[in-house]
Amino acid sequence: ARRGEIAFGTVDSWLIWQLTGGKVHATDATNAARTLIYDIGRGAWDADICALLDIPMALLPEVRDSADDFGVTRADLFGREIPILGVAGDQQAATVGQACFRPGMMKSTYGTGCFALLNTGGQMVPSKNRLLTTIAYRLNGQTTYALEGSIFIAGAVVQWLRDGLKIIRE
């Protein structure tokens with residue numbers, strides 16, 4: 001790591017690296033926030049946490065807006081270069097997809113888990129009820145925050161009740 005022979009990132013930064021043939025090592029703010037070494041208030045990697053964990057900051061991806069230029073794919077992958085112009089984490093992408101753009105708006109998705117995000121606008125709101133303060137998206141250099149609540153096995157427990165305990169027929 002200290003010799004610069006490796007890179008660190010989330011799955012999106014690995015995909016961008018692969019798709020661009022190693023030309024771009026970047027992520028967006030929503031994915032950077034999930035690493036717990038990104039200061040969501042300052043909008044930057046946290047040098048103190050990186051030092052504490054002995055993570056060389058040079059191996060971290062550049063953090064860009066959720067809608068930004070992430071380079072182009074290698075031409076040999078799809079017959080031509082295709083621009084990569086947007087990146088967002090799972091629940092954050094659902095927040096954008098459900099047009100949760102104004103403070104006070106909330107999106108809720110159900111699948112294996114259940115996730116609710118409340119748009120708090122440009123203000124980081126600390127939770128009084130054990131929710132996660134996170135980044136909803138960053139556009140044009142402006143961060144929009146959210147409070148997130150997660151039930152990681154909501155849909156899976158219904159499947160277990162149906163298939164495992166057989167107390168639900170359909």
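**View 1. Leu118 and its partner across the strands.** In this predicted model, Leu118 has Leu147 of strand 8 as its bridge partner. Step back a little and you can follow the pairing of strand 6 (residues 114–121) with strand 8 (residues 142–151), which runs over seven bridges in the antiparallel sense.

**View 2. The open sheet and its edges.** Here four strands come together as an open sheet with antiparallel pairing, and their order is 5-6-8-7. Look to the edges to find strand 5 (106–110) and strand 7 (132–139). Each of these has a single partner strand, so one side of each is left without a neighbour in the sheet. Going from one strand to the next, the twist averages 30°.

**View 3. A helix packed on the sheet.** Now meet helix 5, made of residues 90–97, which packs on the sheet. Helix 5 touches strand 5, strand 6, strand 7 and strand 8. The direction of helix 5 makes about 120° with that of strand 5.

**View 4. Asp28, a buried charge.** Asp28 sits in strand 1, which covers residues 26–28. Asp28 is buried but has no salt bridge. A salt bridge would need a side-chain nitrogen of Lys or Arg within 4 Å of a carboxyl oxygen, and the nearest side chain of opposite charge, that of Arg138, is 7.7 Å away. What does the side chain of Asp28 join in a polar contact? It is the side chain of Asn31, at 2.7 Å.

**View 5. The surroundings of Asp28.** Leaving aside neighbours within four places in sequence, Asp28 is in contact with several residues, among them Asp12, Arg64, Phe70 and Gly89. Val63, Asp65, Ser66, Val87 and Ala88 are also in contact with Asp28.

Key: Residues are numbered from 1 along each chain as its sequence is written. This is a predicted model: local features need pLDDT of at least 70, side-chain atom pairs count only at pLDDT 80 or more; totals for chains, interfaces and linings use all residues. Side-chain values use heavy atoms; hydrogens and water are left out. Helices (H or I, at least four residues) and strands (E, at least two) are DSSP runs, numbered from the N terminus. Buried means under 20% relative accessible area, exposed over 50%, partly exposed in between (1.4 Å probe, protein chains only). Lys and Arg count as positive and Asp and Glu as negative; His and the chain ends are not counted. A polar contact is a pair of N or O atoms within 3.5 Å; within protein, one must be able to donate a hydrogen and the other to accept it, and residues adjacent in sequence count only if both atoms are side-chain atoms. Contact means heavy atoms within 4.5 Å. Two strands pair if DSSP finds at least two bridges between them. Axes are lines fitted to C-alpha atoms, for helices over the stretch in contact, and angles run from 0 to 180 degrees between N-to-C directions.
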